[in-house]
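Please open the structure in your viewer and keep the selection tool ready, since this tour moves from one selection to the next and says what is there at each stop.

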Amino acid sequence: MLPLHATDLSIDTNLGLHRWTAAQLLARPDVKNISIPSDVAFRRSMQYRAIPLRALLPELKHSDRLQFVSSDGFSVDIPADAILNQAGAEAWLAIEDSRQPWPALPGNKGDAGPFYLVWTHPADANISVEQWPYQIVRIQRTQDAATRFPATAPAASLPVSSPIRYGYTVFQRTCFTCHTLNGEGDAQMGPDLNIPHSPTEYLSDDMLRAFIRNPQSLRRWPEGKMFGFPTQASLSDADLSALLAYLRYMAQHKVSP
């Protein structure tokens, strides 16, 4: 069980495990003051003390994938290409100073600290809202989802151009960060999306689309943690259609854990 609020950060890039405390990171010479005009978690402009993430990941290769695990059960895989890109977006590890704590997250979602992945100019590399994990406790190299979790992958016989295949990509980016499927996955925040029932089996297409856009549209719950995807920028209509195609397909391919 992960701690409620981690006090250190583990980084394992296959070059040995390294643990950092917030105080150690804040003492590094490469810490900078950065400004995030539209912060994903806080939904407003924020100022941080932060380190370029690349500086903490020696010998990271474009072919690598990194897994970010949070103390609240959130888990997201981010391709190294996004971190090493030359398009203008830059990944930063924001570090909370205990003497100047960050405000509470809106919506009764607790604290974001002490470690939070933020991006400057995220639109330049199409960085999605799920690629801003907070409460990070571990960063490590990982394999692609289909290799690690084969029960989540569509059949290899499906054509490359199949919308189901693209929907699997969308699923990994938007849903797999909080949910499991067929009992597989790292996240611990939300229920499994196929076992015992897929949401496509009990919600109409229109209701499911509305729920994904705005979870409160189906069930008002002040403690609800699910972020919606209200705009084309966060999840296009085409992406949403592909995601539903994937979920409908997987509803016919259940694998009991």
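Begin by selecting Arg 248 and Asp 205, whose side chains meet in a salt bridge with an N to O distance of 3.2 Å. This pair links distant parts of the chain, for Arg 248 is in helix α6 and Asp 205 is in helix α5 (residues 205-213), 43 residues apart. Arg 248 is partly exposed, with a relative accessible area of 41%, and Asp 205 is partly exposed as well, with a value of 31%. Please keep in mind throughout that you are looking at a predicted model.

From helix α6 (237-251), move on to the segment that comes after it, and select His 253 there. The backbone oxygen of Tyr 249 lies 2.8 Å from a polar atom of the side chain of His 253. Leaving aside residues up to four places away in sequence, His 253 touches Asn 182 and Asn 194. If you also select Ala 151, you can check that its C-alpha is 8.7 Å from that of His 253 in space, although the two residues are 102 apart in sequence. Is His 253 buried, exposed or partly exposed? Its relative accessibility is 36%, and therefore His 253 counts as partly exposed.

Now return to salt bridges, of which the count comes to eleven. Select Arg 141 and Asp 64, which form a salt bridge whose closest N and O atoms are 2.8 Å apart. Arg 141 lies in strand β9 (residues 136-142) and Asp 64 in the loop between β4 and β5 (65-70), so the pair ties together parts that are 77 residues apart in sequence. Arg 141 counts as buried at 16% relative accessibility, and Asp 64 also counts as buried, at 13%.

Next, select Asp 97 and Arg 99, another salt bridge, in which the closest N and O atoms are 3.0 Å apart. Here the partners can be contrasted, since Asp 97 counts as buried at 14% relative accessibility, whereas Arg 99 is exposed, with a relative accessible area of 71%. To see a network of salt bridges, select Asp 77, Arg 148 and Asp 186 together, which are linked in this way.

The next stop is Asp 39, which you will find in the loop between β3 (32-36) and β4 (46-52). Which side chain of opposite charge is nearest to Asp 39, and how far away is it? The nearest one is that of Arg 44, at 8.0 Å, and Asp 39 is buried yet has no salt bridge. A salt bridge needs the nitrogen and the carboxyl oxygen to be within 4 Å of each other, which is the cut-off to remember when you compare this stop with the earlier pairs. Not counting residues up to four places away in sequence, Asp 39 touches Arg 44, Met 46, Tyr 48, Tyr 116, Val 118 and Trp 132.

Some of these neighbours lead to the aromatic rings, so to speak, and a search of the whole structure finds ten aromatic pairs. Select Tyr 48 and Trp 102, whose ring centres are 5.2 Å apart and whose planes are at 80°, so that the pair is edge-to-face. Tyr 48 lies in strand β4 and Trp 102 in the loop between β7 (90-95) and β8 (115-120), so this pair ties together parts that are 54 residues apart in sequence. Tyr 48 is buried, with a relative accessible area of 3%, and Trp 102 is buried too, with 12%.

Keep Trp 102 selected and add Tyr 116: the ring centres of these two are 6.3 Å apart and the planes are at 70°, so this pair is also edge-to-face. Tyr 116 lies in strand β8, and so its pairing with Trp 102, in the loop between β7 and β8, ties together parts that are 14 residues apart in sequence. To widen the view, select Phe 42, Tyr 48, Trp 102, Tyr 116, Trp 132 and Tyr 134, which ring pairs link into a cluster.

Finally, clear the selection and show the whole protein, which has six helices and nine strands. Its radius of gyration is 18 Å, close to the 18 Å that the globule rule gives for 257 residues, so the protein is as compact as a globular protein of that length. Along the principal axes, the C-alpha atoms fill a box of roughly 55 × 40 × 35 Å. Buried residues make up 48% of the 257 residues.

Key:
Residues numbered from 1 in each chain as written. Heavy atoms only, no water. Helix = DSSP H or I, 4+ residues; strand = E, 2+ residues; numbered from the N terminus. Buried < 20%, exposed > 50% of the residue type's maximum accessible area, 1.4 Å probe, protein only. Contact = heavy atoms within 4.5 Å. Polar contact = N/O pair within 3.5 Å; in protein donor to acceptor, adjacent residues only side chain to side chain. Lys, Arg positive; Asp, Glu negative; His and termini not counted. Phe/Tyr/Trp six-rings, centres within 6.5 Å; stacked < 30°, edge-to-face > 60°. Rg over C-alpha atoms; globule rule 2.2 N^0.38 Å.
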